[in-house]
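User: I would like a close look at a single part of this model, followed outward to whatever helps to place it. Please take your time and keep the reasoning connected.

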Amino acid sequence: MKENLSFYFESPEFKETLEKYMAMEENDSQVYFDADQLTDIAEYFAKRVNLKKSYQAINYGLKIHPGNINLMLHKARYTLLAGNCKKAWKILDSIEDQNDREVKFLKAELYFEENNIEAAKKILNELYEEENDTECILDIFNIYLDNCQEREALKWIKSAHKNNPEDVEIAKALAEFYYSNDKSKQAIEYFNKVLDKEPYNADSWYKLGQCYIATDNIEEALNAFDYCLAIEQDNVLALTTKGECLIELNNYEEGCKLLSKAEGLIEDGSQIRLLLIDCYMRMKKYPEAIAMCRKHRLAKDTDDFDKAQVASFEALAYAYLGRFDEALEVIEYGIEADAHFSNLYIAKGEVYLLQNMIIEAQKEFSYAEHMAFDKEDVLLTLVLACIRCGFDSMALKYFVRLEEEYPDACADIYYLIAHCHYKEGNKEEMIKCIRKGYEESEFTLDVIKAMPKFSGDEQFIMLLEEIIKNLESNPSL
């Protein structure tokens, strides 16, 4: 069998074989194929969830190559997949060489299917005693995983690593296991072991970076993505994820550069386009945001929900350029695509706020709440919309409701709310919010100071620095 069938199925060699086989079927004739060719054809149909055609290819192969172990194994496996365990056993027992490793592995699978765990373990232990090599260890590990025996799989691979600490493939299996099970700290340990042996493994660098993000170590994550990109400069995942990290650190220019490069490298760039639109909006690059919104709306991979989502951004970009009629036209386009998307009505309200049409804005905000599937998200969005428009007292009213109903949603906006209180002259409330931000937010002072909302307000920044330094030196204040 080929190591990567997906690539092999696109090769001229396989396409020629498949065409020859299909022509044989169409003409109801008989043509000679070797056993491997028919096994590949069967795998091709199986990957397209056509077990009937897979079975037909195997049966034809067994007419030409009676008793071929590979074909018999595939027939037994497809029979098992079709739910006929008894027949699969019959086919497996008819194979002449019962000591073949693949025969034993399939027997273990059948025992697992019958929930005869001890019989399956016995066979796998025998296989390990007979072969005791990395390939066998990994095959046993994977068969445990495939049969929902994660605890046994982990026990097995950890024991194997203890006995073979220098084996990079075993370390890689452990790293991937922890990574896929969201155990980031453990995954970091084993990805580092892998990279000690394979420093040019771009995939491991990328996944290591993801693990560092999950453990809130952005600096190490960025280092890992840099190594990945040094090896594969066009790695779309690394470009995108590093770009997102930089944007969250308020490094919008560099983040946008990376996202733009990533978007140009793939055919379906819908998610990257959305990130770029958000980035341009944060940077107040409204013409660029409008251009990207249009590109996204016209893309063939954009569904109705995405069109509505993008319309809300595009409308705000027009509004902040003072082009209010165009903003409202775009919102109507979004409503045609998805009338239930509540952020469209928030955007419409924000367009009205920018024109000081408070009553009209509040009507749209109320309608957005009425339409909302996620009230927490709507309240948070309303707070931010009011802050953007400079309606601080209105933002504070929505924030009171948000904090009462969804306190966990407030951590990252306490500093913004502190700024609202500062502008409203509520120094006591401002200090309370800064304290809460200091206790609950993960933002550093440098990140806070770089927030666009605070740019130019040097007096507030000075107060913020002073209060945070006091809290750092005396947290009980």
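Where is the place of lysine 284?

Analyst: The model is a predicted one, and in it lysine 284 sits in the loop that lies between H17 and H18. Helix H17 covers residues 270-282, and helix H18 covers residues 286-298. Lysine 284 counts as exposed because its relative accessible area is 54%, where exposed means over 50%. The backbone at this position deserves attention as well, since phi of lysine 284 is near 65°, a positive value in a residue other than glycine. Most residues other than glycine have a negative phi.

The loop between H17 and H18 also holds lysine 285, whose side chain meets that of glutamate 253 in a salt bridge with an N to O distance of 3.3 Å. This pair links distant parts of the chain, for glutamate 253 belongs to helix H16 and the two residues are 32 residues apart. Both partners fall into the intermediate class of accessibility: lysine 285 is partly exposed, with a relative accessible area of 26%, and glutamate 253 counts as partly exposed at 43%. The loop thus offers an exposed residue, lysine 284, and a partly exposed one, lysine 285.

On the other side of H17, the loop between helix H16 (252-263) and helix H17 (270-282) contains glycine 269. Glycine 269 is buried, because its relative accessible area is 1% and buried means under 20%. Leaving aside residues up to four places away in sequence, glycine 269 touches Glu263 and Asp301. The second of these contacts spans a stretch of sequence, as glycine 269 and aspartate 301 are 32 residues apart along the chain, while their C-alpha atoms are 8.4 Å apart in space.

Helix H18, on which the loop of lysine 284 borders, can be followed onward through another ion pair. The side chains of arginine 297 and glutamate 314 meet in a salt bridge at 2.8 Å, N to O. Because arginine 297 lies in helix H18 and glutamate 314 in helix H19 (residues 304-320), the pair ties together parts that are 17 residues apart in sequence. Here both partners are buried: arginine 297 has a relative accessible area of 19%, and glutamate 314 has one of 1%. The value for arginine 297 should be read with the cut-off in mind, since it is classed as buried because 19% is under 20%.

A further pair can be set beside these. Arginine 388 and glutamate 350 meet through their side chains in a salt bridge, again given as an N to O distance, of 2.8 Å. Arginine 388 is in helix H23 (residues 375-388) and glutamate 350 in helix H21 (residues 342-354), so that distant parts of the chain, 38 residues apart, are linked by a pair whose members differ in accessibility class, arginine 388 being partly exposed at 43% and glutamate 350 buried at 0%. In total the structure holds 30 salt bridges, and some residues are joined in a network of them, namely Arg101, Glu102 and Asp139.

To return to the backbone of lysine 284, a useful parallel is found at aspartate 216, which has a positive phi of about 60° although it is not a glycine. Aspartate 216 also lies in a loop, the one between helix H13 (202-214) and helix H14 (218-231), and it counts as exposed at 52% relative accessibility. Lysine 284, with its phi near 65° and its relative accessible area of 54%, can be read alongside aspartate 216 on both counts.

For contrast, one may turn to a position inside a helix. Isoleucine 157 is placed in helix H10 (residues 150-163) and counts as buried at 0% relative accessibility. Apart from residues up to four places away in sequence, isoleucine 157 touches Ile137, Leu138, Phe141, Ile170, Ala173 and Leu174. Serine 184, in helix H12 (residues 184-197), is likewise classed as buried, at 13%, and with the same exclusion it touches Cys211, Ala214 and Thr215.

In short, lysine 284 is an exposed residue with a positive phi in the loop between H17 and H18, and lysine 285, in that loop, is bridged to glutamate 253 of helix H16.

Terms used: Residues numbered from 1 in each chain as written. Predicted model: local features only at pLDDT ≥ 70, side-chain atom pairs only at ≥ 80, totals over all residues. Heavy atoms only, no water. Helix = DSSP H or I, 4+ residues; strand = E, 2+ residues; numbered from the N terminus. Buried < 20%, exposed > 50% of the residue type's maximum accessible area, 1.4 Å probe, protein only. Contact = heavy atoms within 4.5 Å. Salt bridge = Lys/Arg side-chain N within 4 Å of Asp/Glu carboxyl O.
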